[in-house]
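The notes below are meant for a colleague who is opening this entry for the first time. Please read them with the sequence and the structure side by side.

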Amino acid sequence: TITPRIGDILQKLAPFLKMYGEYVKNFDNAMELVKTWTERSPQFKYIIQDIQKEKVCGNLTLQHHMLEPVQRIPRYEMLLKDYLRKLPQDSLDWKDAEKSLEIISTAASHSNSAIRKMENLKKLLEIYEMLGEEEDIVNPSNELIKEGQILKLAARNTSAQERYLFL
């Protein structure tokens, strides 16, 4: 009989998690570089825009695609936890899967603060696109504090106008 296993495979791939850490550490700088060159070089901007129009990009920006690897390790961690919950404890893969989870959890915890920053950046990207890309708010130092409906009172006639506020 064939015994399917993934724990041993993930352990062999664990050294590659170091690259993931480097990617996360350099993410802010990479985002800033894309922003800078998009502003400085019309040629760069047009090339990026052309690529983003490709069907394979799924109508997402380069920045959205750059976020994907940052979110990958936490996904692996969730999948492994679920796998271990469903795996019989006497399974041949149990120890390897547990060790893999330990390695991946360590990598994930090291980057949790970076991931929170990335989530914030992702939200800023969504807001930026909702606003029709008029104001460039996508900056690693920017943080979304609160958003929601408000009523704006007109000074002259005290009529209320509904607005949506991003703070």
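1. Among the contacts in the protein chain that join residues at least 6 apart in sequence, 57% are between residues at least 24 apart. Please keep in mind throughout that this is a predicted model.

2. As for the overall make-up, the secondary structure of the protein chain amounts to 6 helices and 2 strands, and the pattern read along the sequence is α-α-α-α-α-α-β-β. Of the 167 residues in the protein chain, 31% are buried, while the chain exposes about 12,100 Å², of which carbon and sulfur atoms supply 56%.

3. Which residues touch the most other members of the largest nonpolar core? This core has 24 residues, and the ones with the most contacts to other members are Phe27, Met31, Ile73 and Leu84. Two or more residues are given to this core by each of helix 2 (17-40), helix 4 (62-86), helix 5 (94-110) and helix 6 (112-130). As general background, nonpolar side chains tend to be buried together in soluble globular proteins.

4. Isoleucine 73 deserves a separate look, since its contacts can be followed one by one in the display. When residues up to four places away in sequence are not counted, isoleucine 73 touches Leu17, Tyr20, Ile104, Ala107 and Ala108.

5. Threonine 61 is placed in the loop between helix 3 (42-52) and helix 4. Is this residue buried or exposed? Threonine 61 counts as buried because its relative accessibility is 12%, which falls under the 20% limit for that class. With neighbours within four places in sequence left aside, threonine 61 is in contact with Gln52, Leu125 and Glu129.

6. On the surface, Ile9, Leu13, Phe16 and Met19 make a nonpolar patch of about 410 Å². One of these residues, leucine 13, lies in helix 1, which covers residues 7-13. Leucine 13 is classed as partly exposed because its relative accessible area is 45%, a value in between the 20% and 50% limits.

7. The two strands form a hairpin, with 6 residues between strand 1 and strand 2. Strand 1 (residues 147-153) pairs with strand 2 (residues 160-166) in the antiparallel sense, over 7 bridges. Where these pairings are traced residue by residue, leucine 153 has alanine 160, in strand 2, as its bridge partner. Within this hairpin, threonine 158 takes a positive phi near 50 degrees, and a reader checking the backbone may wish to look at that residue.

Conventions: Residues numbered from 1 in each chain as written. Predicted model: local features only at pLDDT ≥ 70, side-chain atom pairs only at ≥ 80, totals over all residues. Heavy atoms only, no water. Patch = residues over 30% accessible without salt bridge, like charges linked within 9 Å, V, L, I, M, F, W, Y side chains within 5 Å. Areas by Shrake-Rupley, 256 points an atom, 1.4 Å probe, with all protein chains shown as cover. Salt bridge = Lys/Arg side-chain N within 4 Å of Asp/Glu carboxyl O. Helix = DSSP H or I, 4+ residues; strand = E, 2+ residues; numbered from the N terminus. Buried < 20%, exposed > 50% of the residue type's maximum accessible area, 1.4 Å probe, protein only. Pairing = 2+ DSSP bridges. Core = buried A, V, L, I, M, F, W, Y, C linked by side-chain atoms within 4.5 Å. Contact = heavy atoms within 4.5 Å.
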